[in-house]
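Q: Hey, got a minute to go through a model with me? I'd like to start with how the chains meet.

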Amino acid sequence: MTNSDYSMVAINKLVEEGYFKSKREALSEATRLLLREYKILKLQKRMDKTAEKIAKEGYFRDKSFVKILEEIHEEEEEP
Amino acid sequence: MRLCLDSSIVGKKYDKLEEDYQLADELFSKVMKNEFEEVFWSKWLILEVLRVCVKKNFKKQRVDEVRDEIEEFLAMDLVKEKQITDDVVNLAKTLIVNLNIYAADAVHLATAILSNSNVLLSEDEHLNKKKVKDFASKFGLEIKRLKEFL
C-alpha cells in the first residue's frame, strides 16, 4: 500500500467512527489544518528574518529592547 | 497551562543580540505548536512594542513588519489578546497603589490575573521584584523570567 492508500484507510476509519460525517468533510478539515501549519511555518520564518534584519541594522546594539522598554515606562510617568 | 506574556517577551523575540534570545525563540516555537492550553497578552502590548521600535528609529518598513507579524499571530489565534476593560483598569489601580509599579506593568499584571493565567512571563525587573511576585501568588499566578520557565 502507498502512503496515500494508508491515508485513505485512516480517513475512512475516522468517518466510520463518527468523527466526520463524510470523507469530503474529513478531507476538508485535513486541508484546513495543513494550510494552517504552513501559514504558521511561514510566519515563524518571517519573524526570524525580521529579527535578523533588526540585528544587522543595529537598533539594539547599545541598549536591549527590554532596557528601552523600562526607560519608556519611566519617561511616560515623568511630569 | 495558561500563560500570559508581556511586551518584554515579544521584544526579546526581535532582539537577537539579547543573551536570552534563544529562549524567546524556543518559547515562540512552543506557542506556535500549541503546547500551552492558552496564551494571552494585553492589547497594550502592541503599542509598547511599536513605541520601542519608533524610539529606536526603526525604518518604517521594519516597524510595519513587526506590527504585521504580531497582528498575524493574533489572527491565527495563537494568542488571545485581552481588552483593557474597566475590570483591568480597576485592578491595575489597586496594583499601582499597593505595589508602586508603573501603569504599563500594572496593566500586564492585571491582565494576567483576570485571564486566570498560571504564569506571567516577563523580563521586566519591576515585575520580577519579590513583593510583586508575592502579591501575584495570592491569585495563583507566578511571575517568571524566560530562563526560570524554560
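**Chains A and B**

A: Sure: 24 residues of chain A are in contact with 29 residues of chain B, where contact means C-beta atoms, placed from the backbone, within 7 Å.

Q: Which elements give two or more residues to the chain B side?
A: They are α1 (7–13), α3 (44–55), α4 (60–75) and α6 (103–114) of chain B. Helices here are DSSP runs (H or I, at least four residues), strands are E runs of at least two, and both are numbered from the N terminus.

Q: And how many nonpolar, polar and charged residues are on that side of chain B?
A: The side touching chain A has 17 charged, 9 nonpolar and 3 polar residues. Ala, Val, Leu, Ile, Met, Phe, Trp, Tyr, Cys and Pro count as nonpolar, Asp, Glu, Lys and Arg as charged, and the others, Gly among them, as polar.

Q: Before I go on, what kind of model is this?
A: A predicted one: local features need pLDDT of at least 70, side-chain atom pairs count only at pLDDT 80 or more, and totals for chains, interfaces and linings use all residues. Residues are numbered from 1 along each chain as its sequence is written, while chains are lettered from A and ligands numbered from 1 in the order in which they are written.

Q: OK, chain A. How many helices and strands?
A: Chain A has 3 helices and 0 strands, in the order α-α-α. Its radius of gyration is 24 Å, well over the 12 Å from the globule rule for 79 residues, so chain A is more spread out than a compact globule. That radius is taken over C-alpha atoms, and the rule is 2.2 Å times the number of residues to the power 0.38.

Q: What does the C-alpha trace span?
A: About 70 × 30 × 15 Å along the principal axes of chain A.

Q: Which residues of α2(A) are buried?
A: Met47(A), Ala51(A) and Ile54(A), with buried meaning 20 or more other C-beta atoms within 10 Å of a residue's own, again placed from the backbone. The buried residues of α2(A) pack against α1 and α4 of chain B.

Q: Switching topic: at what angle do α1(A) and α2(A) pack?
A: About 115°, with the axes 9 Å apart; axes are lines fitted to C-alpha atoms over the stretch in contact, and angles run from 0 to 180 degrees between N-to-C directions.

Q: Which residues make that contact?
A: Ile11(A), Asn12(A), Leu14(A) and Val15(A) from α1(A), with Lys23(A), Ala26(A) and Leu27(A) from α2(A). By class, the contact has 5 nonpolar, 1 polar and 1 charged residues.

Technical notes
Two residues are in contact if their C-beta atoms, placed from the backbone, lie within 7 Å. A residue is buried if 20 or more other C-beta atoms lie within 10 Å of its own, exposed if 12 or fewer, and partly exposed in between; C-beta atoms are placed from the backbone.
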